[in-house]
Amino acid sequence: MVVGSDTDFVHKLVFLGDSGVGKTSLVQRYVYDSLAPDIGRTIGAMLHVKSVELEGAKHKLVIWDLGGQVAFSALREQYCSHASGAFFVFDRTRLETLEHVDDWLDSLYAAAGKVAVVAVENKIDLESEISDEQIKGMLEARSLKWIQTSAMENVNVEVAFKELIKEIRTP
Ligand SMILES: Nc1nc2c(ncn2[C@@H]2O[C@H](COP(=O)(O)OP(=O)(O)O)[C@@H](O)[C@H]2O)c(=O)[nH]1
Ligand SMILES: [Mg+2]
């Protein structure tokens with residue numbers, strides 16, 4: 001990819017996590033400051049580009065939002081390859097979305113190497129079905145930073161992106 005003089009760094013960021021956890025909603029909130037219309041599961045992969053300035057450097061983010069066909073491992077690999085970093089998103093109202101963390105990390109690390117990952121506990125506007133201890137246990141064992149977001153109420157979405165860029169820059 002050609003990097004213009006208006007850009008210091010280009011990062012491919014991928015969203016990982018089970019269907020329905022809020023990946024598309026987080027991307028929509030961050031890139032367009034709107035909530036994705038509830039049109040069901042995203043089909044295919046969508047690319048979004050956003051430029052941000054952080055600590056004096058200009059970053060171009062190429063954000064990949066994978067659709068429903070994540071069951072196909074070949075697609076997962078293409079999706080993850082050359083990623084600079086990833087969000088692992090889980091839904092606090094569904095424990096299994098956290099328990100699937102290794103499925104996602106394995107695919108990511110196989111395709112992209114051991115890149116930066118930030119774990120995103122989404123839907124904090126809803127009552128949690130997972131204890132903080134459970135989350136801490138899962139995430140600390142895998143050295144993942146933990147951020148709580150609500151795409152719905154626009155809580156911490158920008159913080160999550162800042163944290164991931166920071167992790168990428170200073171691993
Ligand atoms: N209450 C609540 N609902 C959310 C939040 N983020 C997403 N949703 C809803 O969860 C559903 C799935 O979201 P979507 O972004 O399509 O998930 P994806 O399959 O991971 O891309 C939709 O009905 C969203 O409106 C959130 O922070 N809070
Ligand atoms: Mg989606």
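Q: Where in the chain is Gly67 found, and is Gly67 buried or exposed?
A: In this predicted model, Gly67 belongs to the loop that links strand E3 (57–66) to helix H2 (73–80). Burial is read from a count of neighbouring C-beta atoms, where 20 or more within 10 Å makes a residue buried and 12 or fewer makes a residue exposed. Gly67 has 16 C-beta neighbours inside 10 Å, so Gly67 counts as partly exposed.

Q: Which residue lies 5.4 Å from Gly67, C-alpha to C-alpha?
A: That residue is Ala45, which is 22 residues away from Gly67 in sequence. Ala45 falls within strand E2 (45–54).

Q: What order of elements does the protein chain follow?
A: The chain has 6 helices and 6 strands. Their pattern along the sequence is β-α-β-β-α-β-α-α-β-α-β-α.

Q: How are the strands ordered in the sheet?
A: The sheet is open, contains 6 strands and runs in the order E2-E3-E1-E4-E5-E6, with mixed pairing. Strand E2 (45–54) and strand E6 (145–148) are the edge strands, since each pairs on one side only. Ignoring direction, neighbouring strands of this sheet are turned by 25° against each other on average.

Q: In which sense does E3 pair with E2, and in which sense with E1?
A: E2 and E3 are antiparallel, with 10 bridges between them. In that pair, Val52 has His59 of E3 as its bridge partner. Strand E1 (residues 9–16) and E3 pair in the parallel sense, over 7 bridges. There, Lys12 has Val62 of E3 as its bridge partner.

Q: What joins E2 to E3, and what is the phi of Glu55?
A: The general idea is that most residues other than glycine have a negative phi. E2 and E3 form a hairpin with 2 residues between them, and Glu55 in the turn has a positive phi of about 45°. Glu55 has 9 C-beta neighbours inside 10 Å and therefore counts as exposed.

Q: Where is Asn154 found, and what is its phi?
A: Asn154 sits in the loop between E6 and H6. Its phi is near 55°, a positive value in a residue other than glycine. Asn154 is partly exposed, because 15 other C-beta atoms lie within 10 Å.

Q: Which strands does helix H1 lie across, and which does helix H4 touch?
A: Helix H1 (residues 23–32) lies across E1, E2, E3, strand E4 (85–91) and strand E5 (116–122), and runs at about 150° to E3. Helix H4 (residues 101–112) packs on the sheet and touches E1, E4 and E5. The direction of H4 makes about 165° with that of E4.

Q: How many residues does the largest nonpolar core have, and which have the most contacts inside it?
A: In soluble globular proteins, nonpolar side chains tend to be buried together. Here the largest nonpolar core has 41 residues, and those with the most contacts inside it are Leu16, Ala86, Phe87, Phe88, Val89, Val118 and Leu164. Helix H6 (residues 157–169) supplies the largest share of this core, 6 residues. Leaving out residues up to four places away in sequence, Ala86 touches Leu13, Val14, Leu16, Leu108, Val115 and Val117.

Q: What share of the chain is buried, and what share of contacts joins residues at least 24 apart?
A: Of the 171 residues, 38% count as buried. Among contacts between residues at least 6 apart in sequence, 74% join residues at least 24 apart.

Definitions and conventions:
Residues numbered from 1 in each chain as written. Chains lettered and ligands numbered in written order. Predicted model: local features only at pLDDT ≥ 70, side-chain atom pairs only at ≥ 80, totals over all residues. Helix = DSSP H or I, 4+ residues; strand = E, 2+ residues; numbered from the N terminus. Contact = placed C-beta atoms within 7 Å. Core = buried A, V, L, I, M, F, W, Y, C linked by C-beta atoms within 7 Å. Pairing = 2+ DSSP bridges. Axes fitted to C-alpha atoms, helices over the stretch in contact; angles between N-to-C directions.
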